[in-house]
Amino acid sequence: MVTEGTEKPTIIFTYGTLKRGFSNHVLLQDMIAAGDASFLGVYQTVDRLPLVCGPYRVPFLLNFPGSGEHVRGELYAVSARGLIRMDELEGITRAHYERLPIKIRPDEESESESGKTMEVEAYYAHRNYAEALWKRNGEKGFRCYTEKEAKGYVKRKDRPQHLTFLEQIGIFISSNPNSCCCNKNLPVPSALPVNVVNH
């Protein structure tokens, strides 16, 4: 339970490696133990949204309502201190992801019952490369990031450390011969090693 004073927690919808059973859930476990987060349940998006994988099978939610599926994920109440940790993990200041509003509803609720929808926040792929990532995935996504979609996921420590995460995304996008030119906002990989924390 979030216990930090009377502050109102931020409600975060997680859909990928922050979910239970995946590699980055350890952050949420630490936050729960410290009183900076609490699990609220399994939810799904009200809108259809693309959920795709990028380099190293890292999941990305794309802010393209009407495309994709009703994405299934987990909801957490997060303190201000916990939100700082999540924003750092998601690379908000480095334009890896951006935290934006999202409408969700309980997973077991039927589409006709809209009274229980709520607006929370989620980490979307940054707009600088989202369109290119969608095209690179053949404009096809999935409903839920499961062990099947995560097969081949590479942890940060095992990825090339001489490239930033944005450079890794750029390489992933350009590795498709049918790739569009939508990745013009991504940095070109440099020959010099860069010592940064990758997503």
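**Exercise 1.** Is Phe165 buried or exposed?

*Solution.* We are working with a predicted model, so start from its computed accessibility. Phe165 has a relative accessible area of 0%. Buried means under 20%, so Phe165 is buried.

**Exercise 2.** Find out how Phe60 and Phe165 are arranged as an aromatic pair, and which parts they tie together.

*Solution.* Begin with the whole structure: a search of it finds five aromatic pairs. Phe60 and Phe165 form one such pair, with 6.1 Å centre to centre and 10° between the planes. Planes under 30 degrees apart count as stacked, so this pair of Phe60 and Phe165 is stacked. Next, place the two residues: Phe60 belongs to strand β4 (residues 59-61), while Phe165 belongs to helix α5 (residues 165-174), so their pairing ties together parts that are 105 residues apart in sequence. Now check the partner: Phe60 also counts as buried, at 0% relative accessibility. Finally, widen the view: ring pairs link Phe60 and Phe165 with Tyr97 and Tyr129 into a cluster.

**Exercise 3.** Locate Gln44, classify its burial and look for a side-chain partner.

*Solution.* Gln44 sits in strand β2 (residues 37-45). Its relative accessible area is 5%, so Gln44 is buried. For the partner, turn to Arg143: the side chains of Gln44 and Arg143 make a polar contact at 2.8 Å.

**Exercise 4.** Which residue lies over the face of Phe172?

*Solution.* Look along the ring face and you will meet Arg136, at 4.2 Å from the ring centre of Phe172.

Note on methods: Residues are numbered from 1 along each chain as its sequence is written. This is a predicted model: local features need pLDDT of at least 70, side-chain atom pairs count only at pLDDT 80 or more; totals for chains, interfaces and linings use all residues. Side-chain values use heavy atoms; hydrogens and water are left out. Rings of Phe, Tyr and Trp (its six-membered ring) pair if their centres lie within 6.5 Å; planes under 30 degrees apart count as stacked, over 60 as edge-to-face and the rest as tilted. Helices (H or I, at least four residues) and strands (E, at least two) are DSSP runs, numbered from the N terminus. Buried means under 20% relative accessible area, exposed over 50%, partly exposed in between (1.4 Å probe, protein chains only). A charge sits over a ring if NZ of Lys or CZ of Arg is within 6 Å of the ring centre and within 35 degrees of the ring normal. A polar contact is a pair of N or O atoms within 3.5 Å; within protein, one must be able to donate a hydrogen and the other to accept it, and residues adjacent in sequence count only if both atoms are side-chain atoms.
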